[in-house]
Amino acid sequence: MRRTVVNRVLLGVVGAALLGAGVLVLVGGLDLYRRLGVHPPGWWPLTSPDQPVVSGRSRGRWVASSWWWPTVIGGLAVLVAGAAWWLVAQLRRTGLSSIVVPTPGVSGLRLRVGARALEEALENGTAVLPEVERAGVRLVRAPGHPRLRGAVRLRPGGDPAALVEHFEDGPRTDARGSLRLAELPADLRIRVLQATPAEPRRGRGRRGRRGKRPSRVE
């Protein structure tokens, strides 16, 4: 799963939770339940403007317990550490959004190619082989030049050596020539699926056992 998809899912979940909490606080603070004649259940939070977010009984219920403060501090520490990890992961983004293509002989022209378009072209060029079930390629940053990272899944009986030769002579060479790069290193991870064993047919066994049954003589 790509990082953008994970970010969107996390932001959607956090946004939905914050929106729900905000709606509860707003409805209770404006006393909309009484004005609209709605009678929420007894356990429903924030039903009136005078009701606190956390009641005094709830605040003092577990304070005297020995596990309360370690649990609270540990939970907050995990939350802060997770938020910090997510922030560092965003700042250390390795993927490229675009790449500059040299234009020799043309002054003042700056040509950029979208990284996603190049990745799709490499994936389509790799998936041409009939034994390729799935191919994924990413263009990442590297010191001095971009780098390719690919993951290919082959069907049972696929030849990894033939795939490497095809990738080297086809998609990778075409991409290096199109981008006018002296070198374009690539890391290719190949996985060959195993063939599922065929299940024995039960009907033959039954017919065989029936055939071996001795005939009845009266």
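Arg172 touches Leu122, Phe167, Leu184, Pro185 and Ala186, when residues up to four places away in sequence are not counted. This residue belongs to a predicted model, and it offers a convenient point of entry. Arg172 sits in helix 6, which covers residues 160–178. With a relative accessible area of 14%, Arg172 counts as buried, because the term applies to values under 20%.

Before helix 6 is examined further, the overall plan of the chain should be set out. The protein chain contains seven helices and five strands. Read from the N terminus, its elements follow the order α-α-α-α-β-β-α-β-β-α-β-α. The chain has 218 residues, of which 17% are buried. Its exposed surface comes to about 16,700 Å², and 59% of that area is supplied by carbon and sulfur atoms. Contacts can also be sorted by how far apart the two residues lie in the sequence. Among the contacts of the protein chain with a separation of 6 or more, 50% involve residues 24 or more positions apart.

With this plan in mind, the reader may return to helix 6. The helix is made of 19 residues, and the distance from its first C-alpha to its last is 26 Å. That span is close to the 27 Å expected at 1.5 Å a residue. Where does helix 6 have a kink? The kink, of about 40 degrees, lies at Phe167, shortly before the proline Pro171. Phe167 has already appeared in this account as one of the residues that Arg172 touches.

Which residues of helix 6 are buried? They are Leu163, Phe167, Gly170, Pro171, Arg172 and Ala175. The elements that cover these buried residues include helix 5 (115–126) and strand 3 (132–140). Strand 4 (147–154) and strand 5 (186–192) are also among them.

The two ends of helix 6 deserve separate attention. At the N-terminal end, Asp159 acts as a cap, with a side-chain oxygen 3.2 Å from the backbone nitrogen of Ala161. Beyond the other end, helix 6 is followed by Arg180, which has a positive phi near 55 degrees. Arg180 is part of the loop between helix 6 and strand 5. Its relative accessible area is 53%, so Arg180 is exposed.

Why is a positive phi worth a remark? Most residues other than glycine have a negative phi. Arg180 is not a glycine, yet its phi is positive, at about 55 degrees. Asp31 likewise is not a glycine and has a positive phi of about 55 degrees. Asp31 is located in the loop between helix 1 (3–29) and helix 2 (32–36). Is Asp31 buried or exposed? Its relative accessible area is 13%, so Asp31 is buried. Apart from neighbours within four places in sequence, Asp31 makes contact with Thr47, Ser48 and Pro49.

The strands may be approached through a single residue, Val100. This residue lies in strand 1, which runs over residues 98–101. Val100 is partly exposed, its relative accessible area being 32%. Which residues are in contact with Val100, leaving aside its neighbours within four places in sequence? They are Arg110, Leu111 and Arg112. Val100 and Arg112 are 12 residues apart along the chain, and their C-alpha atoms are separated by 4.5 Å.

The last part of this account concerns aromatic rings. A pair of such rings is described by the distance between the centres and the angle between the planes. How many aromatic pairs does a search of the whole structure find? The search finds two. In one pair, the rings of Trp67 and Trp68 have centres 6.1 Å apart and planes at 75 degrees, so the arrangement is edge-to-face. In the other, the rings of Trp68 and Trp69 have centres 6.4 Å apart and planes at 65 degrees, which means that this pair is edge-to-face as well. Both conclusions rest on the angle, because planes over 60 degrees apart count as edge-to-face.

Trp67, Trp68 and Trp69 together form one aromatic cluster. Trp67 is partly exposed, with a relative accessible area of 42%. Trp68 is also partly exposed, with a relative accessible area of 21%. The value for Trp68 does not count as buried, because that term requires a value under 20%.

Terms used:
Residues numbered from 1 in each chain as written. Predicted model: local features only at pLDDT ≥ 70, side-chain atom pairs only at ≥ 80, totals over all residues. Heavy atoms only, no water. Phe/Tyr/Trp six-rings, centres within 6.5 Å; stacked < 30°, edge-to-face > 60°. Buried < 20%, exposed > 50% of the residue type's maximum accessible area, 1.4 Å probe, protein only. Helix = DSSP H or I, 4+ residues; strand = E, 2+ residues; numbered from the N terminus. Contact = heavy atoms within 4.5 Å. Areas by Shrake-Rupley, 256 points an atom, 1.4 Å probe, with all protein chains shown as cover. Expected span 1.5 Å × (residues − 1). Bend = angle between axes of the 7 residues up to and from the residue. Polar contact = N/O pair within 3.5 Å; in protein donor to acceptor, adjacent residues only side chain to side chain.
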